[in-house]
Number of protein chains: 4
Amino acid sequence: MTQQIRIGLFGTGRIGQVHAMSVAAIEDAELAWVCDPFVEGAERTAAEYGGKVSTDPAEVFASGEVDAVIIAAPTATHVDLIDAAIDAGVPVLCEKPIDLDLERVDRLRAKAAAATVPIVLGFNRRFDRHFAELHRRVSAGEIGTLEQVLITSRDPAEPPAGYLASSGGIFRDMTIHDLDMARFFVPDIVEVTARGANTFSATARELGDFDSAVVTLRGAGDELVVITNSRHAAYGYDQRFEVFGSEGLLQVGNQTDTLVRHWGAGAVEALEPYQNFFLQRYAEAYRLEVVEFLMAVRGEPSRSPGFEDGRAALVLADAADRSARTGGSVTVDLSR
Amino acid sequence: MTQQIRIGLFGTGRIGQVHAMSVAAIEDAELAWVCDPFVEGAERTAAEYGGKVSTDPAEVFASGEVDAVIIAAPTATHVDLIDAAIDAGVPVLCEKPIDLDLERVDRLRAKAAAATVPIVLGFNRRFDRHFAELHRRVSAGEIGTLEQVLITSRDPAEPPAGYLASSGGIFRDMTIHDLDMARFFVPDIVEVTARGANTFSATARELGDFDSAVVTLRGAGDELVVITNSRHAAYGYDQRFEVFGSEGLLQVGNQTDTLVRHWGAGAVEALEPYQNFFLQRYAEAYRLEVVEFLMAVRGEPSRSPGFEDGRAALVLADAADRSARTGGSVTVDLSR
Amino acid sequence: MTQQIRIGLFGTGRIGQVHAMSVAAIEDAELAWVCDPFVEGAERTAAEYGGKVSTDPAEVFASGEVDAVIIAAPTATHVDLIDAAIDAGVPVLCEKPIDLDLERVDRLRAKAAAATVPIVLGFNRRFDRHFAELHRRVSAGEIGTLEQVLITSRDPAEPPAGYLASSGGIFRDMTIHDLDMARFFVPDIVEVTARGANTFSATARELGDFDSAVVTLRGAGDELVVITNSRHAAYGYDQRFEVFGSEGLLQVGNQTDTLVRHWGAGAVEALEPYQNFFLQRYAEAYRLEVVEFLMAVRGEPSRSPGFEDGRAALVLADAADRSARTGGSVTVDLSR
Amino acid sequence: MTQQIRIGLFGTGRIGQVHAMSVAAIEDAELAWVCDPFVEGAERTAAEYGGKVSTDPAEVFASGEVDAVIIAAPTATHVDLIDAAIDAGVPVLCEKPIDLDLERVDRLRAKAAAATVPIVLGFNRRFDRHFAELHRRVSAGEIGTLEQVLITSRDPAEPPAGYLASSGGIFRDMTIHDLDMARFFVPDIVEVTARGANTFSATARELGDFDSAVVTLRGAGDELVVITNSRHAAYGYDQRFEVFGSEGLLQVGNQTDTLVRHWGAGAVEALEPYQNFFLQRYAEAYRLEVVEFLMAVRGEPSRSPGFEDGRAALVLADAADRSARTGGSVTVDLSR
């Protein structure tokens, strides 16, 4: 591959930085434009990883100097930026969620479906080496027919109150990743049952949000998926996955920085607490997500999740929210 | 303790044998009467572990030769036998469930509450060394405030069709043990949400029963409990327990017969499959259950679960069944 | 088995108590005589587990009331008591070591070889469920040709100075168990290389003994066995075993009282420290050792180690001691 | 650091390729010259990672265009190349061993000691993340006084006969890495006892070499170190480390590519076999070794092992070889 892929990056916050670094490290890609209304952020990122600076997305698309764009700007901008990328005929990798409002997503849906450029959603966990291998082995039939999936997903600590207030609630902000992972193994979900609880966070309670939740999904083949979430975990970022089938079970446990175990007078075989949060735990997955996106850009076969996957996760998050608030289950049809 | 406690045993099936052996092994107890309408069973048990033989419970109670009774007869006989034990003023240990019909249980409820003799329910898992230690450490505050409980409980293989037909369904037959274990940690359950599925068993499907299920319970303190059940597991009896609190997490994993691990060309660090079923896995717990019952008989402090615990498990199983069939949640008040 | 085997017990110290309890719990055996020059010990043991009391071994043998004897008296008495048992035609189970002085052992050797009654040595670890299963799987060829054995064996804490002074040194007192276990897997040892060290114990240093040691054995088939010993371990009794073969590896790790694991802010997946010492760790093995001895007494096939195994362990311990003191290796021929 | 460090690379075999890749990936370093008498190798490497090509080391040093050199050429060239680097005043990273002949090493020793440029030896395992963290925690006093070190090191499969013939034997070729790791924790070794065995390899036997070995080292503080080696392991590359101290134990186990565990009818909790060999297992360590070397080149504090460490490993390997062949121990004084 001799041709450099020129990337335009929207947004230079935490995830934007991660993507800038990934692009800079990939041999046949380069950061061509960095765009952020907060111009100092754009300038700092461009200084470190290259690219021209802009505060206006239109300027980036009009330049004719980007072969693909990565959207890491605030959620509210996603729909418009995807729309503009389609108009410009430029492949796009957009961070999840597409939007917090399903109606806005659906207004773009037909256009996205008709788009000839790849529209890729940033569900990076699918590219985590461990989960990808789990998926490969399940797909290879190693545990027979898939019957149950258990996802345990607990954040190390609650985000700041300001973030929580605009997050759309635990299901749309946190569970949404687990909902996509559920669909990685059971794509066709037909029923959502969620229950939320308030265990420790006064902030969540005041916002009418939950800090603890259990979501049960039913797949079209009567598979059951259970997601257990908490907004905190004293021992670090807890990300476990278990797939149970007719012939056996496959699990992915948590990752520690090192293999060192300790034996002492008070406890034995003890590992150090887990990697603290998603930027560490999924560092490699973020990089591979971009690599896979670039494969899609080049027209090569790619496993990247697309617009419909992004929409499906939001449909399920909405359904979970409704179920948790009304006490029933919510039936969904992701194909409609 | 020099005085022997004379035990009357009703029922000489699989569990009856286990209890007979436990009684025989306890120094200050003895099998005085063995009662089973299937007289050969009673005779065989008495020949091995001692005691007189009867086919008629009334004869046992009338003999005046029993200081306590253990009921391991079919479920349908439980209510009447407990009733008779109360009338005879004899402490009773009864296998779960009290009955499959909550109305029958409730007709005995006031009398049981007024009884002056111990009425103990056979929820043996509470006496399992591992779960008991887990409970002790949670109670000691080691993980702070309890927020979530995850119970994974899978049988190695489906019971025979005949057994299934009269079992009352997966929630009343299998989940009921997990429901009691949930109450061991979160006694006051206020809401039950259950979802069942049909994944592999034609028998269960024909009976209108499920072979896979997820139950979410809510405690009065907004604790969430998740129970995951399957009627089969290729790798053996799967009995895991996880308690998550504000300060950490405690788990009990599965037990293997030995500590031997194997490293080979195909896999490493592999253990042999788990102990095959409950009689092995909970062998010690069955014995301790009887020991604890005898403490209650002697008027010593005892941790044995009682009639109300047996009733509560049935109320929760009924609620789970209703929730799974109707699609909503069921609110319960165990104190009413 | 309707005939009771009447046991005479010599010695009522810690191990004597364990054996008394084992005999009492076995249905077709009974404690017939309890013998200890410390008569209060004998009386207390007889009161709890049955049997007549004596302070004189000759009285026990002369009574004609013992079908087998168990020797748990001080090491210095072992040779004479085995000798007397042979003369009395009574099977004997003797605690290790036979004696600390190989010459004394060898004076009894021919007579022991000619004896028609079973002479069994108390190497209980061979009956530990985990090691026995390890042995079975190695013998079944699961890891191909045995090439290396690694034994890690560390006591929780140093014994009292008085005990150390008469123990015969670390190799004869502590390593001897590991040497027998080495021979369980590689019976024909031909070379012993040992190195001792003084790491923490002023007592050991003053006695000219070691508190840390490594022993390398060579088997006749060029198998290498490594034993690592320490007289202390902050985290409890450390008893690990690894057998490496041409096709793989089998290991037995340490045992904890329960399966409970803890996740906290400082460490995760932590188990409680190991069972504190051999009476706990090998409780079941002590019982099975007696069971297997009784099989030998009844003339049934038995896996019990015999006089030659007891002698071999002492030969190896002597060789280890010599090797550690001289700095070379010691060649042995256990068949001579 | 704006100034690029220009690297000259000698040798473009397997390890040479690894170092070329590491240099290319480091921002402030570049491959300036690639030198190999096998010119096609040099050309291919330069084409991929940059640099001019030469078949003559003298040309590289004379160019004045290298700020540091990395020696990955055959062992027989190491001494002369280090010598030339010292003469040229250029820092050098040399793969282990310095030479197979201690006399040749010692002829360079004084000159190396007097050299003003860094001479770094390629003991990459010291930079492995897991072992480095183990070292940090031991150094921090977490397990009190170090008393024993256990190193288990088994290669997945025997190298080709041609390689074996010129390798200098198992101790100089394979154990030498473990000997350096022993010195990482116990620098001052005073006694070496080694025993070798022939278990499976006809090639090793014909060459008078061993395929299985145990080495016991004694440190100046009476620490005991045990190294267990085998030239094959059915389950993959086995690299374990255990450090035992007065207050506890720290271990590093083996690494698998993923965290996926499998439960099936035949075995449970099974991981996939270990990473196949050192280029995978120590990939990161090879990179960090170069990073650390470049810190030394820049005059920054560096943990890189030096000439004396390279010599010490060879002294110990020689001693192990002599001990294994003569049957005694060999006393060493690394400071002389």
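This is a dialogue about reading the contacts, symmetry and buried residues of a predicted model.

Student: I'd like to begin with the contact between chain A and chain B. How many residues does each chain bring to it?

Tutor: Happy to start there. A contact can be read first by who takes part, and then by how much area is covered. Here chain A gives 40 residues and chain B gives 40 residues. Together they bury about 2900 Å², and carbon and sulfur atoms account for 52% of that area.

Student: Which elements of chain A give two or more residues to that side, and how many salt bridges are there?

Tutor: Take the charges first. There are six salt bridges between chain A and chain B. One of the pairs is A:R154 with B:E242, whose closest N and O atoms are 2.9 Å apart. Polar contacts add to the picture, with 25 residue pairs across this interface. On the chain A side, the elements giving two or more residues are β7 (146-154), β8 (189-197), β9 (212-219), β10 (224-230), β11 (238-245) and β12 (248-252). Sorted by class, that side has twelve nonpolar, 18 polar and ten charged residues.

Student: What rotation superposes chain A on chain B?

Tutor: To read symmetry, look at the angle, the shift along the axis and the fit. Chain A goes onto chain B by a rotation of 180 degrees, with 0.0 Å of shift along the axis and an RMSD of 0.0 Å. That is the relation of a two-fold axis. If you want to find the axis on screen, look for A:G328: its C-alpha lies 2.1 Å from the axis, the closest of the residues of chain A.

Student: Why do we say that the copies meet through the same surface?

Tutor: Compare the two lists of interface residues. Of the interface residues of chain A, 100% are also interface residues in chain B, so the copies meet through the same surface.

Student: Now for chain A and chain C. What area is buried between them?

Tutor: About 1300 Å², with carbon and sulfur atoms giving 56%. Each side is made of 15 residues, from chain A and from chain C. It also helps to ask who supplies the area: A:W263, A:V268 and A:E269 provide 34% of what chain A buries against chain C, more than any other three residues.

Student: And how many salt bridges and polar pairs are found there?

Tutor: The count is two salt bridges, and A:R261 with C:E269 is one such pair, at 3.3 Å from N to O. Eight residue pairs are in polar contact across this interface. The strands β13 (260-263) and β14 (270-271) of chain A each supply at least two residues to the side touching chain C. That side has ten nonpolar, two polar and three charged residues.

Student: Let's turn to single residues. Is B:T258 buried or exposed?

Tutor: Relative accessibility decides this, with buried meaning under 20%. B:T258 has 11%, so it counts as buried. You'll find B:T258 in the loop between β12 (248-252) and β13 (260-263) of chain B. Its side chain reaches the backbone nitrogen of B:V260 at 3.2 Å. Setting aside residues up to four places away in sequence, B:T258 touches B:L271 as well as C:R129, C:H130 and C:E133.

Student: Where is C:I15, and what does it touch?

Tutor: C:I15 sits in helix α1 (residues 14-25) of chain C. C:I15 is buried too, at a relative accessible area of 16%. Beyond four places in sequence, C:I15 touches C:A72, C:E95, C:F278, C:L279 and C:Y286.

Conventions: Residues numbered from 1 in each chain as written. Chains lettered and ligands numbered in written order. Predicted model: local features only at pLDDT ≥ 70, side-chain atom pairs only at ≥ 80, totals over all residues. Heavy atoms only, no water. Helix = DSSP H or I, 4+ residues; strand = E, 2+ residues; numbered from the N terminus. Buried < 20%, exposed > 50% of the residue type's maximum accessible area, 1.4 Å probe, protein only. Polar contact = N/O pair within 3.5 Å; in protein donor to acceptor, adjacent residues only side chain to side chain. Contact = heavy atoms within 4.5 Å. Buried area = accessible area lost by both parts, 1.4 Å probe. Salt bridge = Lys/Arg side-chain N within 4 Å of Asp/Glu carboxyl O. Nonpolar A, V, L, I, M, F, W, Y, C, P; charged D, E, K, R; others polar. Least-squares fit on C-alpha atoms with pLDDT ≥ 70 in both.
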